[in-house]
Amino acid sequence: MSKYIKLSSIILFIAVIMTGFGIYKIQAKTPQPDMKIVTAEGMPKYIGPIELYGFVADSNGGFNYPTVELDNGNFTYLEERSFLKRLDFNYNPMIDELIINYRSFMRGKSPQPKQFAETAQHVVYVGSESDVHWSTSLSNQMTISVLDKETKEEKTFSVKLEDSSSYNDIRAVYTDYPSLTLLVSTDANSDSIQTHAYTFDLENPKDTLTEATNLTKEIGTNDYLYVGETYDKTERYVTLQTAKENIDSMYGYSEEITGYYAYDTMTQEVIKLDGFDEGTRLFTDNDTLYVGQKTNSGIELYELNQDDQKKTLLGEITLSIPDAQEEMSYYGTFNQNMSILNGKLYAYGYTEDGSKPALQISDINTQDALFKGTIELKDAKKNDSTSVDIIEYRLNPLID
Amino acid sequence: MKKSLNALLKLTSFELDRLSKFLFTLMGLTLVINLAGYIYTPMRHMNKINQFMTENSATAEEALQTFGRFSFYNALNSFWIVGPIVIGITGMLFYSVFIWYREWFGKNTFAYRLLMLPVSRMTLFFSKFIVIFIGIFTLISIQMVSLFVGYPIVSAIISDTYASGLSLMEAIHAHPLFLFLFPLQPSYFMVIITAGAVMLLVLFTIILIERSFSVRGIFIGIGYAALSLAIVLFPLFLPNLLKNNYLFYSSELLIIELILMTVVGICSLFVSRYLINNKITV
Amino acid sequence: MIELRDVQKSYGRKKVLDGITFTANKGDITCLVGVNGVGKTTILNAIMNLTPIKKGDILIDGEKMTTELYNKVAFIPDVAIMLPGMTVGETMDFMKDYYDTWNGKRAKDIVRFFRLNTTDKLSELSKGNQAKVNLLMGLALDVDYVLMDEPFSGIDIFTREQITEVFSSRLVEDRGVLITTHEIVDIEHLIDKVVLLDNGRIYKEFNAEEMRETEGKSVVDVMREVYNG
């Protein structure tokens, strides 16, 4: 037996240390701080459609920034998911949810929310080979896929753009099933990027996409075109904004908004909206366009008659989130932090001292605050050392 | 079955005996160099602060602004800790090759005796394989011990004013090297261990190929290594071959990868068994 | 009986064994004779499955070589095969650990006979004593066959005498011994069968006693004829 002393002691040493380490690890593990929604006004039931991801940074917690997810009013940490599910996590709430629910349909599709439109019955995807395989050269071929959520039936159509120009970027996909409207930017390599609107009938598919409108020509400017962030892709209007770069100095530039437009997916017309000045914002919800005007304490909301462009004042909504008043644009979209969905205005940002994420939901007709509140840690003592940074936000139009 | 397990135990114990000197040296080296690091790095930091305060008549606050707080992570992320880990990994890699060749090229040709033992020759193979893993886990364990010893040392040298308050576990979690070495995330650690085991099986197979076919074996061995690598890396080329980056989810790619690694591992075991039983030359 | 049937082996294009067929019987001392490089050691290695053969069969009492048969056939190579750091005693313990057929009593007898010291380290032993340790490891096993490769090479005259004595002792009694050597004079009178090798082939196979009686030639005479003529 003595000849096994070395072997048994080394194995015992490993076992003891590994077990000790495991026990220490479990003991030393501080559980992720619990989150809660603190309601200042209204009722928390209204936050149902809000889905967001945030990083939780504890100034005493080293370099660990766990990701927290708010979905349907509940907070969960990414690390609560199993190892394999964590690998498939997508840092976009819409795509992540689609992958969880329609894994097979989402396979092989570009995980960009702007390329999807979801309704209660269908999920529609538009993409091309270069979207899913980056070294493939651009072509005018596109794939349109539609999933029937109930029957799980997937239909895929291969279509090409009417003109031979290669396409660059799908800017937006809107659907009023079975009709589909695509906003596509083409000819990325030329000096002037053209943005086109195409229509497609999912029930009566053709192999060529017919251009409904050349937005660039209709708008008549080569200024950069931004598409409004609308979380419901069944809206009638697509809000648009043109902007140009002003070079301020050798190292800096600023962007100047040069015009607001709306594309009507029903009439396929571009509506130029006049009378916008600094602090004006454009929203859409269902069949209506809205204009917001920044005030000292919030935003004045108008309903816009698209025929004569007459504005009817709905009232002023007081905003308790100062930074929501400023328009936020990135990745070619605007209105990141404020939008109207099913008659409610949703805004998010941070409290005045910048310490906590803040949410506000108001009824656009009565201007009543349905919900005003913040995201905080359950353990109030930790609020000073811990901050939550919102990294992704979206509204789920299918939750009311 | 009992007899062959007994033989495996005996041979493993015998192999471990032969490894022990080398292993104890690596363990000692790790402890000594780490200990030097636990003392030197925080002392250097404190000296810098003290010197700065004396030379500039600065307050502790100003010194903090210039040098920042010192955490155990700073000590971990130094040559004194990373160095021995690199030495350990290199050492075990070297030993994985040496464990076979010493039987042929040592002062005496022990390969004769080993291959003429009335036990399955794969028992030799497994005993060497297990011993390498025991070696690796011993070094991981000694590194753990060292960290537990080092943390209070560093905390004692750095005065509270300049300490960051980072806990031992937070410092370990923050260091990417320990994500590979320690079972911080059990599933991830299992993947690393599987990959390591397959690598070792392939390496042993290559050595046996060389021992069976001599010079020609070197080329066949390189071919076998390239083939194994190609099989394991194949999923990474799938997106390009199928012209779609999103055809597989990351979890599926990992499962495919694990399956392919297992296939390579099992193939290596079969090839090794064939070679050690039929082709090996003393 | 150890039986080789049409055994062939080559290194690259060079044939080292070409159609080797012979038998070595239990109870006989069979001697593989030939000048250096004719393939004697390769034959022993091949029997012990320490080098692969290209073609042919090698059978031990009608069975192919397996690891279990290492309890039945012992091989004593002409190089040191235990770890230099081990003592003679540790070597014996090692053998006892793995071989069912290890005969401890006989091992002690051999140690006494060779005047070995069990506490001596192998690395400190002379070439002759190392050869004795090799013999100890092979002969202390209760095996049916013993293969010896050049037991006399590089060994002083006194050790040689001791080893020669082994062949006439009960240590090899009843066993089949297959020995390779090109220094045959010392054991010529003990040999039953001679297999003469030349260029990887069997040149001649004969019974030593018959050769002496019928043709009046010693094994060395036959060797001279073959290799000089």
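**Exercise 1. Find how many salt bridges cross the interface of chain B and chain A, and look at one of them.**

Solution. Start with the rule: a salt bridge is a side-chain nitrogen of Lys or Arg within 4 Å of a carboxyl oxygen of Asp or Glu. Applied across the interface of chain B and chain A, the rule finds 3 salt bridges. One of the partners to look up is K6(A), which forms a salt bridge with D17(B), with the closest N and O atoms 3.1 Å apart.

Before going on, a word on the model: it is predicted, so local features need pLDDT of at least 70 and side-chain atom pairs count only at pLDDT 80 or more, while totals for chains, interfaces and linings use all residues. Residues are numbered from 1 along each chain as its sequence is written, chains are lettered from A and ligands numbered from 1 in the order in which they are written, and side-chain values use heavy atoms, leaving out hydrogens and water.

**Exercise 2. Describe the area buried between chain B and chain A, and the residues in the contact.**

Solution. First, the area. Buried area is the accessible area (1.4 Å probe) that two parts lose on being put together, summed over both. Between chain B and chain A it is about 3,800 Å², and carbon and sulfur atoms give 69% of that. On the side of chain B, M169(B), Y246(B) and Y249(B) supply 19% of the area buried against chain A, more than any other three residues.

Next, the residues. With contact meaning heavy atoms within 4.5 Å, chain B brings 49 residues and chain A brings 38 residues.

Then count polar contacts (pairs of N or O atoms within 3.5 Å; within protein, one must be able to donate a hydrogen and the other to accept it, and residues adjacent in sequence count only if both atoms are side-chain atoms). There are 17 residue pairs in polar contact between the two chains, both residues being at pLDDT 80 or more.

Last, the elements. Helices (H or I, at least four residues) and strands (E, at least two) are DSSP runs, numbered from the N terminus. On the side of chain B that touches chain A, the largest share, 11 residues, comes from α1(B).

**Exercise 3. Work out which parts of chain B the aromatic pair F14(B) and F110(B) ties together, then do likewise for F129(B) and F204(B).**

Solution. Rings of Phe, Tyr and Trp (its six-membered ring) pair if their centres lie within 6.5 Å; planes under 30 degrees apart count as stacked, over 60 as edge-to-face and the rest as tilted. The whole structure holds 39 aromatic pairs over all chains. F14(B) and F110(B) form a tilted one, at 5.8 Å centre to centre and 40° between the planes. F14(B) sits in helix α1 of chain B and F110(B) in helix α5 (residues 110–115), so this pair ties together parts 96 residues apart in sequence.

Now check burial (buried is under 20% relative accessible area, exposed over 50%, partly exposed in between; 1.4 Å probe, protein chains only). F14(B) is buried at 15% relative accessibility, and F110(B) is buried at 0%.

For the other pair, the ring centres of F129(B) and F204(B) are 6.4 Å apart with planes at 80°, so the pair is edge-to-face. Helix α6 of chain B holds F129(B) and helix α9 holds F204(B), so parts 75 residues apart in sequence are tied together. Both F129(B) and F204(B) are buried, and both belong to one aromatic cluster whose members include W100(B) and F189(B).

**Exercise 4. Find the polar partners of the R81(A) side chain.**

Solution. Place R81(A) in the loop between β4 (74–77) and α2 (83–87) of chain A. R81(A) is buried, with a relative accessible area of 17%. The side chain of R81(A) makes polar contacts with the side chains of E69(A) at 3.0 Å and D96(A) at 2.8 Å.
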